[in-house]
Amino acid sequence: MARTLSVCPFCGCGCNFYIITKGERVVGVEPSPGNPVNRGMLCAKGWNSYEFIHSPDRLTMPLVRKGGELTETAWDEALDIVSGRLNDIKKEHGPDSLAFLASAKVTNEENYIFMKMARAAFGTNNVDHCARL
Amino acid sequence: MAGLAAAFGSGAMTNSIAEVEEAELFFITGTNTTAQHPLIGTRIINAKERGAKIILADPRKIQLADYADIHLRHNIGTDVALLNGIMNIIIEEDIYDREYVEERTENFDQLKAVVSRYTPRVVEQITGVRASDLEEAARAYATTKKAMLLYAMGITQHATGTDNVKTCANLAMLTGHVGRPSTGVNPLRGQNNVQGACDMGGLPNVFSGYQQVANEEVRKKFERAWGVENLDGKVGLTITKMMAAAQKGDLKALYIMGENPMLSDPDSSHIELALSNLDFLVVQDIFMSETARLADVVLPATSFAEKSGTYTNTERKVQIAHKAIDPPGSARDDWEIICEVSERSGYPMNYNSTRDILKEINELTPSYAGITYERLVKGYGLQWPCLTDEHPGTPYLHKDKFTKGLGSFLPCDFKPVSEVPDEEYDFLLTTGRVYYHFHTGTMTRRISILDREAPEPLVEINPDDARRLGIQNNDVVELISRRGSIKAKAEVTDRVPKRVVFSTFHFHEAPVNLLTNPVFDPISGIPEYKGCAVRVRRCA
């Protein structure tokens, strides 16, 4: 069993816990006793926060709509389609015909380069997220 | 956020979670804290057990009502009138902090002129709150030294949300309750990295650290660092404007990372029309959400357990999380996917890890300059602003002066909800969450224990109304608004006042946002989730 320090994925409290793993499987969480936010405690959501990680519903392959259906596709092809279509649309309709929604659930680093991509790579300030909701 | 930024110069929670336990009084409004921020809720209850007072202003009888010394059950959407009424009493009885007002604030005369119209009698008529309760609350809040004001989306999710926030800020400044420990104006954030998404510039008007895109010097700095020319200085579209532009055909492509606007946005049938009208929709997520189903390309991302990086909690504290396991199948970290798309679009980013990215954030974001990887792995996080490697971080803001200098009183007048009940739609629907679920339920509904406790959507209805309509517990009822209808089981409870029904947005089977009214606060762009007119019908 291994323990890895993490931050609860749910509300804005930011409780710290250790993810308990057995090989590649998460088997539980254990609240950080020293962290001043939660001091060894968690709520019902926090204690159970790991279960969805191994849900059979997780997406495991890129999907591309082909003939109306979302179809499993290799990464290379999916990424080329994303960048190709975004750049074609930008060329034809200008950068402000594109928009980007960042996430209140991913890391700071990911949000930072997401907005950097929107602004530096595609040239638009059409960047927002769902914090209002 | 916009309201607080205008008043104080910063839109974040002014104080810290740890300070909650030291507070002597709480003014809690529009936050069901024990359900939504349980570890903050626990601290409030601990403080109460040690003698702290609780003033709760909430139309619903939430769990904290059991602990409250005073429960002001004002009518939905009458927050400005309620708070103005409290200030009216505080000024009238001369128990405001005169020295603080003179030294640290501006526009007091304007505030005084506006709130003078909100006498206890006028306020009682608008809000339904008895004058004597209002007076008791006003005196207690004004005369307690460590008085902490907490709020969340019950304040912001109104067409007048910015006015509501400004009015909370007015009240706290009037009584000198900003700039000391265990005081302040504290918006509680609902998702684990909302604060970080804002801090990192996931907004149409700012780069990271709220550096304005309209400021040429700021743009020059980012142009140099990023190796590009001509960054756009024009403010971009908010999410609600994006949806409108998509529907009109002006917006052609949307790239959504880890969000589910199909369930979380108001008037969802219009959202579906907007998203379907795009030429190209990319959704990057861990599950096939209602939004991902509409996409042209779906990219599988990693969950929190499969990646390393930092998150910023509601008290501005940046904390680090480490990767515990490998992702399922060929799912990849969001940051790696973004780097790939960017590189293929002719703008390579060249990061090897999130640690590299954090270093760049430190270099370009003054409030995050001292929040380095090396310091984060050693301690329990750092609160911004943290300006240098030696800076200890900032547990509470606006200590000797406000971020913007003088704090500004920004008085507002009461405006009713946009859609007032009438004969046809005779109830007000207000929406929220339950303890066991999170947001649109994509994660918590896949957790067996949580789903066991709250397996299905419920509509709360007052016993008086239920009797009149022949509705009993667990009867299926239909809620009908001008925009759509949903069916769910009734829970007959006096948690809701008469002529009000409550439901949540966790359940795709009864998507409450089919009903909600897409009117928005003109400044923050937040929709009015907390009040729209509906009709209630018992299904045979």
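This report covers the contact between chains A and B and the nonpolar cores of a predicted model.

## The A–B contact

Chain A puts 89 residues into the contact, and chain B puts in 113. On the chain A side, several elements give two or more residues each. The strands are strand 1 (2-7), strand 2 (16-22), strand 4 (63-66), strand 6 (98-101) and strand 7 (127-128) of chain A. The helices are helix 1 (44-47), helix 2 (75-93) and helix 3 (108-121) of chain A.

Helix 3 of chain A gives the most to this side, with 13 residues. By class, the chain A side that touches chain B holds 49 nonpolar, 25 polar and 15 charged residues.

## Strand pairing across the chains

Strand 6 of chain A also pairs with a strand of the partner chain: strand 7 (residues 253-257) of chain B. The pairing is parallel and runs over 4 bridges. Within it, Leu101(A) has Ile256(B) as its bridge partner.

Leu254(B) touches Leu101(A) and Ala99(A). On its own chain, Leu254(B) touches Met242(B), Ala246(B), Leu278(B) and Leu281(B). That list leaves out residues up to four places away in sequence.

## Nonpolar cores

The largest nonpolar core has 111 residues. Leu254(B) is one of the three that touch the most other members, along with Val282(B) and Val501(B). Helix 3 of chain A gives the most to this core, with 7 residues. Helix 3 of chain A is thus the top contributor here and on the chain A side of the contact.

A second core is separate and has 94 residues. Among them are Val165(B), Ile320(B), Phe402(B) and Phe414(B).

How values were computed. Residues numbered from 1 in each chain as written. Chains lettered and ligands numbered in written order. Predicted model: local features only at pLDDT ≥ 70, side-chain atom pairs only at ≥ 80, totals over all residues. Contact = placed C-beta atoms within 7 Å. Nonpolar A, V, L, I, M, F, W, Y, C, P; charged D, E, K, R; others polar. Pairing = 2+ DSSP bridges. Core = buried A, V, L, I, M, F, W, Y, C linked by C-beta atoms within 7 Å. Buried ≥ 20, exposed ≤ 12 C-beta atoms within 10 Å, placed from the backbone.
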